[in-house]
Structures are given as structure tokens and as C-alpha cells.
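Subject: Handing over the structure

Hi,

Here is the structure I promised to pass on, with my notes underneath. Have a look at it first, then read on.

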There are 2 protein chains.
Amino acid sequence: MRQAGRSLPEYRARRGGGSILEMLRHPELVAELTLQPVVRYGVDAAILYSDIMVPAAAVGFGVEVSPGIGPVVDRPFRGAADLDRLRPLQPDDVPWVPEAIRILVKELTVPLIGFAGGPFTVASYLIEGGPSRTYALTKTLMHAQPALWNGLMERLAGHAITSLQIQVEAGARAVQVFDSWVGALSPADYRRFALPASRQVFEAVADLGVPGVHFGVGTAALLELMAEAGADVVGVDWRVPLSQARARLGPRYAVQGNLDPAVCLAPWPVVEAEARVVLAEAGPGPGHIFNLGHGVLPQTQPDVLERLVALVHQEG
Amino acid sequence: MRQAGRSLPEYRARRGGGSILEMLRHPELVAELTLQPVVRYGVDAAILYSDIMVPAAAVGFGVEVSPGIGPVVDRPFRGAADLDRLRPLQPDDVPWVPEAIRILVKELTVPLIGFAGGPFTVASYLIEGGPSRTYALTKTLMHAQPALWNGLMERLAGHAITSLQIQVEAGARAVQVFDSWVGALSPADYRRFALPASRQVFEAVADLGVPGVHFGVGTAALLELMAEAGADVVGVDWRVPLSQARARLGPRYAVQGNLDPAVCLAPWPVVEAEARVVLAEAGPGPGHIFNLGHGVLPQTQPDVLERLVALVHQEG
């Protein structure tokens, strides 16, 4: 459960109100925040506490992650000159990442999942300068300057690959690529403008010999293409019943999901009923990782997630 | 093309920066703003210049529509007492609506399409108090207080029905129901929590003897259910190729769409190529209304839309 920490008082106490990217430079703290939901909820894997903007920030592009807003970019990506400001990532740029993972690998009894942003989603923040509802600037650059777009995507694929290599070498046993906002694209645009870079990332993941999860939201029309990019596991949000997702993807791919995080704000009997629907939709066979369809909402009560994990362990 | 006016200098000049809901109370002005894109672009139908929050505001719920933000609600809908504040709509609450339509019917040489908000989308604004990314409060009310939710939806269906009756009696020859954000729901939640009220609206539309268009965004997993609600035409955004949408819906339903509005920000050759893809995907038969998949983006150049309309007239 990504962002599960946000629901925890111990997280909010430890997190305070400071810069997220600054916090991520402290390996002991990152390890502690990564462990919190594992300890509290007893989930079957840990996901590295990180942010999709870490590589861009680490190479000096001028990015901050504001609590409650998300990434904010000082000088958004607008032209060819901006590509020079986005140099390739070197392991020396993020020494705290493998340090945090080495601490975690010693302390964890469950596998650690590495973390990277999908090229399209990172590009959208760099171009828009922050969150967007329309992705108008991103799509305009994509359509009007396809060569520049491809250069940007290749650079961001490189960032993700280097970042995941570092994480796997340090001990991550699977990786998840968060291309959260790729559902803004039509299938044809996804195939042309997003898939090639994502495929590069998943080819590198395959070379690392670990399974890769491909996550997005609002991807009802993109599931097959996200699988085609090379994932082992395709994230599915609540908009597609898992029985349909599995039928569409076939037995080669596992699915992850897909309880609506907003359901976890309802009374427990509703949560339980909806979680049972997810399990029933996934069917009795292997190949389903129970999860929420998106990050935990901050106002979620921790005891609901505790009961949810217990229910899934009992029924799964 | 909804919100086509936003791209026009003559609209911005006339519109100024004042309250949108206040403007809507002036029939001559509403008629003028409705006509502007018809005159400029030569589209085949006009859509009434309106807002989905008109009925809620007209019965005194305390709603404003802020330019650049959207609906803002003074005291959001949170409990049973709020249902009393949302009384049924009477024709006397919106006398300027039929007045504007009577002016328009005299001046227009193309049909006028009436305008209403879908119950789910209007409810989401009333409950959240404004735009939302997660619809957390809306979904919590839906799951935790289903009887109250049903009461709210029934009231909002009534608002839409009364509003559309007024518009058709005054001369609208088709109607469009904007349930823009219904794509936030899973198919199961849509069926249970949104479809019944939308069906009431479309049954009333059928009784009025005019065709009904059912519009939403991010509805790749909901198209069949939106058709089941009773529409004649189902809006499809750019996330689903029209060939797929038509195959899924069958010949009983027409489709409307589905050019990505962001494409219109690209150079003309890109717009032309993408528009031709939409036309090819729709196929040669009847049953396709060419449109954008969502509202016109304000930064769109009017000459691009002029050329787009000309292209569709030439090829369609």
C-alpha cells in the first residue's frame, strides 16, 4: 500500500512539515518511514519511501515536493536548452538511496520493492511545473516537438533505469514503476509517446532479474499496452473489475489492485464487503497482489487498514 | 464544442471577469454568448451557454462559479439537514432560461441543445464544496449514508429533469447531460449509486421526445452503463478509439467525440492528422457526432477550430 504512512500518527509525528526531498537524503529516516507501515499493518512487502522526482532533483533541475500540492518545478521544461539542465543520473547523485536500502534489507523480514517514476509522469511534472488536470503543455510539447519529447523521455528513462539499478544492487527484490498519470493519454498517443521509454525501463528491470510492477491510474484503455511495455505485474485501479483485467491480460501477467482508496473511509462493513468483491473478482488462482487502486488517502483510519490486511491474509 | 467560447476574443471581451451565475440571469447576454461560437465556427448545433450548478444555485443552495476554479459551495452538503436546503426546482426559479432560449430559437439556423448536469457530478461539487481529485467526501457519503445519498441523487435528478423540460418546452431540440466526473467511479459503484438517477433523467428526456447525449470523461469502463441509463448518444473521450466504442455500444447508440482538446494546441498538420484519425475510427456510416472529447481549452487559437470545423464538414 503506497503512501500508507500518510495515515499513521507515527508517520506524521516523524515527518513534520519540512521538505520531502530533503528528508529523503537521510537514510536512517527513510528506513524508519519505510518500515512504519510494515510494522503497523503487517503487509507482505515494503515499498521504499521515495518520490518520483528524486532523480530530476538530484541532477539539479530545481524541483521541490510541497506537502499537499506535489512536485513544484522552479523553471519548467520548455525547450531544447532545458534538456542540458537534466543531465544523466549518476550513482553519486543519490548515495543516500543505497544506504537506506542496506539498512532496510537488514531489518526487514519481507521483500523490499524499489521505486521509480514512469517517464511520462515525471515529464508531465517537469513540463507543467506542477500538478495538472489537462496536461495541455505536456501534450503540446509531445505533439509539436516530438524530437525534443523523445530526447526528454530517453533522459527520464535513463534516470529511472539508473535509479532502479542502484536500488536492486543494494537489495531491492522487485521494483514498481509509477506512471500514475499516463491515463491522460489515448492508446495511440501512449503507444507512440510513452511506451518506448517505459519499455526501455522494463527491459532494464528484466536484465536486473527482478519482477517489475507497472502502475497507473485511469488506465482502463491502456492495460494491454502497459503490459506490452514489459511489466510482470500490471496495476489496475478500481475502474476495471479484476476479472476483466485478468481476461484481457492473460495468464502471463499478474495484476495488482484494486480497492478504491476512498472505500477505506467508509465504515468497516463496507470496506470488508468491497474487499471481498476484489478478492472474488481476482479469482482463486495465483497472480493477484491485493492492493488499493491508488495511494492511501491521508484521512484513512489506521485501524481500517489493519483490519483490511488481516482480512486479506485470512481470505487470500 | 462545449466551452468553445472560451477560445474567442469576442467572448472574453463580453464575458469580463464577473460572476458566471450572475451573467446567466441575463437572457440577451446568454443568447449572445451561445451564438458566438456558432457564428465564428459554423458548427452544426448550438449548445446553451449555461452551467451545471444553475439549478442548485437557483434554489438557494449557496453556489458560485469562480472563473478558473469552477463551482464553489458556501456550505457543502454533509448531512440530512442539507437536503432541506436543496428544494425542488420550479420554473419560476429560472425565468431567464426559457427567455434566452426563445431569443436563440429565433436567431439560430441550427438546432439548440439543452444543458444539464448529471446528478453524480453536481452532487460531487455540492459535497466536496469545489473541484476534487479524489472525490473522497462524495464517495464516503455514498458508501456510509446510502439513504441520504439516494435522497440527494433523486433531488438532483429532479433538478435536471425540470431544467431540461423548461429548455425543451422553450425550443431546445436535443439535450446533453454533463456527468463529467462520473469516471471516478467503478462500474459497480456507477451502477448502484449513479445510474438510477441518470436513468430517471433520460426517461424524462425520452418523454420530451428529443434525443439525449450522455457526456462523461474517463469513462472507458462505463460506456455500456451510460448507454443503459437511456441515452441516444454516448460521449466518448479520446481514451477509447471510436471503432471500439461503437463495437461495444452497438448500432442502437450514436457516439460523440473524441478528439483530445489538447491536440488543438498543436500545429495545424497535427490537428488535421488527429482529426482524420477520429473520422476514420468512427467509420463511414451514420451515428457519429464529431466533437472534442472534453471542453475547448481556453488557450486554443480560434483559427485552429475554424479549420477543424471546415475539415470535418469537408470529410464528414
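A:Asn258 sits in strand S8 of chain A, which covers residues 254-259. The peptide bond leading into A:Asn258 from A:Gly257 is cis, with omega near -10°. Chain B has a cis bond too, between B:Gly257 and B:Asn258, with omega about -5°. B:Asn258 likewise belongs to a strand, S8 (residues 254-259) of chain B. Keep in mind while you browse that this is a predicted model.

While we're on the backbone, there is another spot to look at. Most residues other than glycine have a negative phi, and most peptide bonds are trans. A:Tyr135 is not a glycine, yet its phi is positive, at about 55°. You'll find A:Tyr135 in the loop between helix H7 (119-128) and H8 of chain A.

Now for the two chains together. How are chain A and chain B related? A rotation of 180° with 0.0 Å of shift along its axis puts chain A on chain B, with an RMSD of 0.0 Å. That is what a two-fold axis does. If you want to find the axis from chain A, go to A:Ala220: its C-alpha is the nearest one in that chain, 3.0 Å away. Both copies use the same surface, as 100% of the contact residues of chain A recur in chain B.

Here is what that contact consists of. Chain A puts in 32 residues and chain B puts in 32 residues. Together they bury about 2,400 Å², and carbon and sulfur atoms give 58% of that area. Which three residues supply the most of what chain A buries against chain B? They are A:Arg133, A:His143 and A:Arg239, with 24% of the area on that side.

The rule finds two salt bridges across the interface. In one of them, B:Lys139 and A:Asp260 meet through their side chains at 2.7 Å, N to O. There are also six residue pairs in polar contact between the chains, with both residues at pLDDT 80 or more.

As for which elements are involved, helices H8 (136-144), H10 (187-208) and H13 (268-282) of chain A each supply at least two residues to the side that touches chain B. H8(A) gives the most, with five residues. By class, that side of chain A has 19 nonpolar, seven polar and six charged residues.

For a close-up of the interface, try B:Thr140, in helix H8 (residues 136-144) of chain B. Leaving aside residues up to four places away in sequence, B:Thr140 touches A:Ala262, A:Leu265 and B:Gln145. The side chain of B:Thr140 also reaches the backbone oxygen of B:Ala136, at 2.6 Å.

Next, the contacts counted over all chains. Side chains of opposite charge can pair when their charged atoms come close. The structure holds 26 salt bridges over all chains. One of them joins the side chains of A:Glu306 and A:Arg40, at 3.1 Å from N to O. A:Glu306 is in helix H14 (residues 302-315) of chain A and A:Arg40 is in helix H3 (residues 27-41) of chain A, so this pair ties together parts that are 266 residues apart in sequence.

The aromatic side chains make 12 pairs over all chains. What makes A:Phe61 and A:Phe77 a stacked pair? Their ring centres are 6.4 Å apart and their planes are at 25°, and planes under 30 degrees apart count as stacked. A:Phe61 comes from the loop between helix H4 (54-58) and strand S2 (63-66) of chain A, and A:Phe77 from the loop between strand S3 (70-73) and helix H5 (80-84) of chain A, so the pair links parts that are 16 residues apart in sequence.

That's the tour. Over to you!

Cheers

Methods:
Residues numbered from 1 in each chain as written. Chains lettered and ligands numbered in written order. Predicted model: local features only at pLDDT ≥ 70, side-chain atom pairs only at ≥ 80, totals over all residues. Heavy atoms only, no water. Least-squares fit on C-alpha atoms with pLDDT ≥ 70 in both. Contact = heavy atoms within 4.5 Å. Buried area = accessible area lost by both parts, 1.4 Å probe. Salt bridge = Lys/Arg side-chain N within 4 Å of Asp/Glu carboxyl O. Polar contact = N/O pair within 3.5 Å; in protein donor to acceptor, adjacent residues only side chain to side chain. Helix = DSSP H or I, 4+ residues; strand = E, 2+ residues; numbered from the N terminus. Nonpolar A, V, L, I, M, F, W, Y, C, P; charged D, E, K, R; others polar. Phe/Tyr/Trp six-rings, centres within 6.5 Å; stacked < 30°, edge-to-face > 60°.
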